[in-house]
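Biologist: I'd like to learn how to read a structure like this one. Could you take me through it feature by feature?

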Amino acid sequence: MNITRGDIAVNEDKSVGIRNVLLRYGVFFFFGVFYIITGILQPKFLTIANLLDILEACSLAALVSCAMAVVVAGGGVDVSIGVVAGLGGLIAGFLIDAQWGYEIPVFVAVLVGLGVGAAIGTVTGLLVSLVRINSFIVTIALLFIIKGFRYSFTRGSSLMMLPDSFLAIGGGRIYGISYLTLWMIPIVAALYIMMEFTKMGRYIYMIGGNITASKTAGIGVRLYTFWTFFIAGLIAAFSGILVESHRGVGTVDMADGFLLDAFVGALLGTILLNGKQMVLGAFLGAVIFTSFINAAQILGVGPYWVYAIKGLLILMAVLINRLVSEER
Amino acid sequence: MASKRWADFISLYGSLLVVIIITAFFCLFARRFACWDNIQNIMVQTAIIGLTSLGLVTVMMAGEIDLSMGGTIGFTGALLAGLVMQQGYSLFSALGVCILVGLAFGFVSGWLVARYGLSSFLVSVSIMFIAMGLERAYTHGLTVWIRKRPDVLFLAQGKIAGLPVLMIILLAAVVIYWLWQTQFNSGIYIRAIGENIDAAREAGIRVVFLKTVAFMIAGGFFGFSGALNAIRTSGNVLYSGQHVWIPVLGACFFGATMFTRGKPNILGAVVGSFFFTIILNGLTLTHVAFYMVPIVQGLILIGAVGVTAMRRKEIEQVKF
């Protein structure tokens, strides 16, 4: 990666000083100022209700961003994350939608949906680690295949008659906290623990940092590369199931936007934390871009600029990160 | 020894063989596939993807990647439709504005990547988002139709001397581009930068300048094909760039599997774009279900890239 983890780890000097702290956490400083200024301009921004709204809005983005972050940490990229999410949700919904009459228990259908995600993750992982195709190309090809395949069983019609027990998975609130947030937090926490405190996470980071050295050190490079894609597929499918049950309707392209969200979250996170603690970074990235969009809407910028805000955020983060690392 | 030579041949021309076999299959079994009308059709259908691929392959040959077309094509398409229909621009000034906008996007990403060494993946993804946002801000999320402007619509729907204009544009662009790449120093230097940037710098090639130029050429192509895309469909639908994004990436990566050992090349990109359209066209003519088209395209892409990857010793990681 150009945002080299290795270099930064070496260059990091431990000397304290207001200047160094500012430089090291410049991006955070910037976003902190943003929160305070927006809060002053529009007091509604920093109310509990609005912050909970931001958390709800960022939940699915945070899930897919963290899944993407695991893949990116291992030196890959998964462009199919959005369509995998859509397919997992669609197949689970297809099996329980009253209109199609399969009437399979909801629990089983959800498992099948997750299984589809895991299966696609397995295929991607095998193609990347055994056949040694570049993961960007593998997932683009899978994007093609899934974009076709998802029309083959529903013929593009929407799933409108999902049972209530399925809708209860993601469509509710406890004490104002959305179910989406309640699902997201443990999964992100589990991913964080896996990446930071287990052997597996350490190996994934090492493979992403320097694959040749990892191989020399005797790490099962293929196995751990495989796992990153498997995990991403599984989590993508689950977020697809969540979005379907939250909206109460399943469409073929319901999760296509997840790819862009995952890009924004994971890339922003990588830049924010200099490629360390990627899962935490991706989570923060998702929170930050969602709050920017929320702030823009509260301040009356209008919905047309949502995408431009995402793009400007990545560009700004890249530039700030670059300036900071030049200063060092 | 013989088997090694055979393996060499397969890895260089294997995907070209697949292209030829499948095209031959369609010629035999798809009614009216190989007639002149349909060949013109294929040319017209390829034009947008082909022109965009020429742009993308320039950047890929310089060793970088540019994903911004997902946004710029939609934005310039909306811009052209808006300028022509709402501001009353003439065709050529509107086209000029679109190409200039593309060049400007290319300049921004190229300058940031070449001068400051930022990752082209990150920069171009953010440019894509910015362009998508601009498109939506410009059109307010509405579809801008191009109507009652025969001069504009002629560019993409008309015929000169019995040949579709889009076909002429595509073929002319391919020929001019090919000449530039092979006959002019700048074209050769761009490839040298992609092969080995340090060696190119040592040899006195102006690396920063030429990399920026590569991105600007790509941007110009994206702007132009975005405008053509809007004209071809008589208007710009929101985020139309997203529908070009994936086929173009597929065509360029498929093209990289032929003629060279997994390196992006012009001829490959052109053949790749044509091949993806041929699959679409041929499968439609043989009455295969519409959703089989991307499935077949994806499977062929995986197969082609997989064969190239077999010689590799190590997992290939994504650098961004």
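**Reading the model together**

Modeller: Happily! Let's begin with one residue: Ser225(B) sits in helix H10 of chain B, which spans residues 207-232. Keep in mind as we go that this is a predicted model.

Biologist: Is Ser225(B) buried or exposed?

Modeller: Ser225(B) counts as buried, because its relative accessibility is 0%. The cut-off to remember is that buried means under 20% relative accessible area.

Biologist: Which residues does Ser225(B) touch, apart from its neighbours within four places in sequence?

Modeller: With those neighbours set aside, the contacts of Ser225(B) are Ile48(B), Leu51(B), Thr52(B) and Ile73(B).

Biologist: Let's try a residue in a loop. Where is Leu159(A)?

Modeller: Leu159(A) lies in the loop of chain A that joins helix H7 (135-154) to helix H8 (164-167). Despite its place in a loop, Leu159(A) counts as buried, since its relative accessibility is 0%.

Biologist: What is Leu159(A) in contact with, beyond its neighbours within four places in sequence?

Modeller: Its contacts include Leu90(A), Phe94(A) and Trp100(A), and also Glu244(A) and Val249(A). Sequence separation and distance in space are two separate readings: Leu159(A) and Val138(A) are 21 residues apart in sequence, and their C-alpha atoms are 29 Å apart.

Biologist: On to cysteines, then. How many disulfides does the structure hold?

Modeller: The general idea is that a disulfide is a covalent bond between the sulfur atoms of two cysteines. Here, over all chains, the structure holds zero disulfides.

Biologist: Why does Cys27(B) have no bond to Cys35(B)?

Modeller: Cys35(B) carries the cysteine sulfur closest to that of Cys27(B), but the two are 10 Å apart, so they are too far from each other for a bond. The cut-off for a disulfide is 2.5 Å between the sulfur atoms. Cys27(B) counts as partly exposed because its relative accessibility is 39%, and Cys35(B) is also partly exposed, at 24%.

Biologist: Now the two chains together. How much area do chain B and chain A bury between them?

Modeller: The size of an interface is often given as the accessible area lost when the parts come together. Chain B and chain A bury about 4,900 Å² between them, and 77% of that is on carbon and sulfur atoms. Chain B puts 52 residues into the contact and chain A puts in 55.

Biologist: How many salt bridges and polar contacts are there between the chains?

Modeller: The rule finds zero salt bridges across the interface of chain B and chain A. One residue pair is in polar contact between them, with both residues at pLDDT 80 or more.

Biologist: Which elements of chain B give two or more residues to the side that touches chain A?

Modeller: They are four helices of chain B: H4 (91-116), H5 (120-139), H11 (241-255) and H13 (292-309). The largest share, 13 residues, comes from H5(B). By residue type, that side of chain B divides into 35 nonpolar, eleven polar and six charged residues.

Biologist: What about salt bridges elsewhere? How many are there over all chains?

Modeller: Side chains of opposite charge can pair when their charged atoms come close. In this model the count over all chains comes to eight salt bridges. One of these joins the side chains of Arg173(A) and Glu56(A), at 2.3 Å from N to O. This pair links distant parts of the chain: Arg173(A) is in strand S1 (residues 173-174) and Glu56(A) is in helix H4 (residues 48-73) of chain A, 117 residues apart.

Biologist: How accessible are Arg173(A) and Glu56(A)?

Modeller: Arg173(A) is partly exposed, because its relative accessibility is 42%, whereas Glu56(A) is buried at 14%. Both also belong to a network of salt bridges that takes in Asp53(A).

Biologist: Could you give me a pair from chain B as well?

Modeller: Lys263(B) forms a salt bridge with Glu195(B), with 3.6 Å between the closest N and O atoms. Lys263(B) is in the loop between H11 and helix H12 (266-285), and Glu195(B) is in helix H8 (residues 185-195), 68 residues apart. Lys263(B) is partly exposed at 41% relative accessible area, while Glu195(B) is exposed at 53%.

How values were computed: Residues numbered from 1 in each chain as written. Chains lettered and ligands numbered in written order. Predicted model: local features only at pLDDT ≥ 70, side-chain atom pairs only at ≥ 80, totals over all residues. Heavy atoms only, no water. Buried < 20%, exposed > 50% of the residue type's maximum accessible area, 1.4 Å probe, protein only. Contact = heavy atoms within 4.5 Å. Buried area = accessible area lost by both parts, 1.4 Å probe. Salt bridge = Lys/Arg side-chain N within 4 Å of Asp/Glu carboxyl O. Polar contact = N/O pair within 3.5 Å; in protein donor to acceptor, adjacent residues only side chain to side chain. Nonpolar A, V, L, I, M, F, W, Y, C, P; charged D, E, K, R; others polar.
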